[in-house]
Amino acid sequence: MSSTNTIVQLPDQSTAQLPRKHYLNQEHTLKSWLLTGDHKRIAMLYLFSITFFFFIGGAFASLIRLQLLTPGSDLLAPDTYNKVFSMHGIVMIFLFLVPSVPATLGNFLIPIMIGAKDLAFPKINLLSWYLFIAGGLFILAAMILGGVDTGWTFTTPLSTHYLNTHVVTAALGIFIAGFASILTGLNFIVTIHRMRAPGMTWFRLPLFVWGHYAASILMVLGTPVLAITLVLVALERTIGIGVFDPTKGGDPLLFQHLFWFYSHPAVYIMILPGMAVISEVISTFSRKRVFGYTAVAFSSVAIAIFGFFVWAHHMFIMGISNYSALVFSLLTMLVAVPSAIKIFNWAATLYKGSITFETPMLYAFGFLGLFTIGGLTGVFLGSMGMDVHLTETYFIVAHFHFVMVGGMLMAYLAGLHFWWPKMTGRMYPESISKLAAVVTFIGFIFTFFPQFVLGYLGMPRRYASYPPEFQVLNVLSTAGASILAVGYLLPMLYMPWSLKYGKIAGNNPWQATGLEWQITSPPLTENFVETPIVDHEAYDYEWLANQTEHEVKTVG
Amino acid sequence: MSQHGATELEHQEHHVVGPKVYLAVFFALMICTGLTTWVAFIDLGVLNPVIALAIACFKACLVVLFFMHIHYSSKLLKLTVASGLFIFLVLVTMTLSDYISRAWGLW
């Protein structure tokens, strides 16, 4: 490949125009949205819904940080604080992080990336959104009726015996939302297996698709275990069957086993689609094929498989067998291998690439740094000796926020900015969004880095008050959270603004290679005028440079 | 390749299972249910749950293979079902690794 081919000028956006017909203006009625089978419209429905839930979860996060500004329980009573952090966790995990990338970007892009007109089961796709909303309403109901204070982990027998809050309502909400996740995963698996365009072999798939395939396996195999566990919690609460409560002959550790058997893979359900986004963004903005494509593809599958063998590392201090803990600790270290393969391969992709620093790339860089810190502190927690000291402290809070917020949320925002021109046909404003990316990164570091120190010094999580000597670091964290909030509010303002005033993007504003960039922005309802025939590898920039007419003509 | 896959799937969708097979499976399930009830009245010691679970597993296999058509399905679908079973086995064995060795004390 000649080096001149790899540096592509962005197309002149002054001549770009919106297609006359596309999926957004095909029909206008409310009914056409609420009964749509179009994966792109369902993705937009999901986008609005998860943004709504993100702000509810974010409001709870703000309350937590405000409460922790001072050592005493000045803002919230301790039991209210318990409810606030529980609802923060439940909303953010089950209603934002799990569906975030797969249900929005994945739904929108997977059929287009593989050259299909829609997902395999459009109606099931719509059903999954309704289930998600139904689950969300149950969780909102639990919140409005008085909240739930079990923590997002529903620890038994606390949740089944001691507490008198809306545990069953919240659990039911998660149960229903879980089915939305299963159906999305099922749809992706079937679509990727059966609906690839001619020539789109497994190893020509964009890594975005591989990441979602791996996450889908986890959704389909893991989520039912959570569902049945929550049913058992609800049954133990309501009719008193003894499964987890020792006073009824149950075993609390059995709950931990069942819960973490889902909830550990669940973190990979959350992060794998994020990693999938990062592969696309890094390749596009360094104008190189992802280094070690096959290794990155298989590392996603390896993470999905290993993810099922490590769950008891959440239980080292709970009295499980020492021998079993040793095995789980060793297995936990295995997960570091495929994760490291990804990070090293992304770094190698950057090497000698023609790197540009558009907003998605800034978010992706944020992901690389923050996810690496989050991942490496996971090694501390996976080692049994360290875990005894660090678990249930702010160290673990910082660890999973680095992975989930620093990693996943950064990746989500990277992806949202990257595909925004494709989804809406218009560009977001570049300079202010760069500012937002930087503000988010700085705010994030200030919010969560002090929490590593706090945890190491021994500040436990889930308490409304703390000894005064921890105040300085907590003030730092709360101050950081207010910066972080600005970082998240900015896209909320300029993204809607761009829908009307943004520059028209054109079909391929990033000169990226994926099939989604070879069709109109926004796409037609049918995605492709005719089924594409794929004759090149993924991330083939030479192929792209040789395309004289790679943008499909505007139709209609 | 995908063309071939599509026809293969279509073929399976149209696989017709006669009422004889369904009736045979149904009666087998009924007999097994009766067997479970009968065995429940005999005290076999540690074998009590083992026998009950063995019969239940056999019944589940019948349902999956015939009522859910997996017996007539492609290898990919068989693999899909097997992966679910595999993950279930991981759940059970790895959880048992804790329960079995909990009383061994410190290493």
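Mentor: Two residues count as being in contact if their C-beta atoms, placed from the backbone, lie within 7 Å. The model is a predicted one, in which local features need pLDDT of at least 70 and side-chain atom pairs pLDDT 80 or more, while totals for chains, interfaces and linings use all residues. Residues are numbered from 1 along each chain as its sequence is written, with chains lettered from A and ligands numbered from 1 in the order in which they are written.

Trainee: Of the contacts in chain A with a separation of 6 or more, what percentage joins residues 24 or more positions apart?

Mentor: Contacts in chain A with a separation of 6 or more form the whole here. The part made by residues 24 or more positions apart is 86%.

Trainee: What is the radius of gyration of chain A?

Mentor: Chain A has 18 helices and zero strands, and its C-alpha trace spans about 70 × 45 × 45 Å along the principal axes. The globule rule (2.2 Å times the number of residues to the power 0.38) gives 24 Å for the 556 residues, and chain A is close to that and therefore as compact as a globular protein of that length, with a radius of gyration of 23 Å.

Trainee: How are H12(A) and H13(A) oriented to each other?

Mentor: Helix H12 (residues 322-350) and helix H13 (residues 359-382) of chain A pack with their axes 10 Å apart, at an angle of about 165°. Among the residues making the contact are A:Met333 and A:Trp346 of H12(A), and A:Leu368 and A:Gly375 of H13(A). Angles over 145 degrees fall in one class, and H12(A) and H13(A) are therefore roughly antiparallel.

Technical notes
Axes are lines fitted to C-alpha atoms, for helices over the stretch in contact, and angles run from 0 to 180 degrees between N-to-C directions. Helices (H or I, at least four residues) and strands (E, at least two) are DSSP runs, numbered from the N terminus. Angles under 35 degrees count as roughly parallel, over 145 as roughly antiparallel, 65 to 115 as roughly perpendicular and the rest as oblique.
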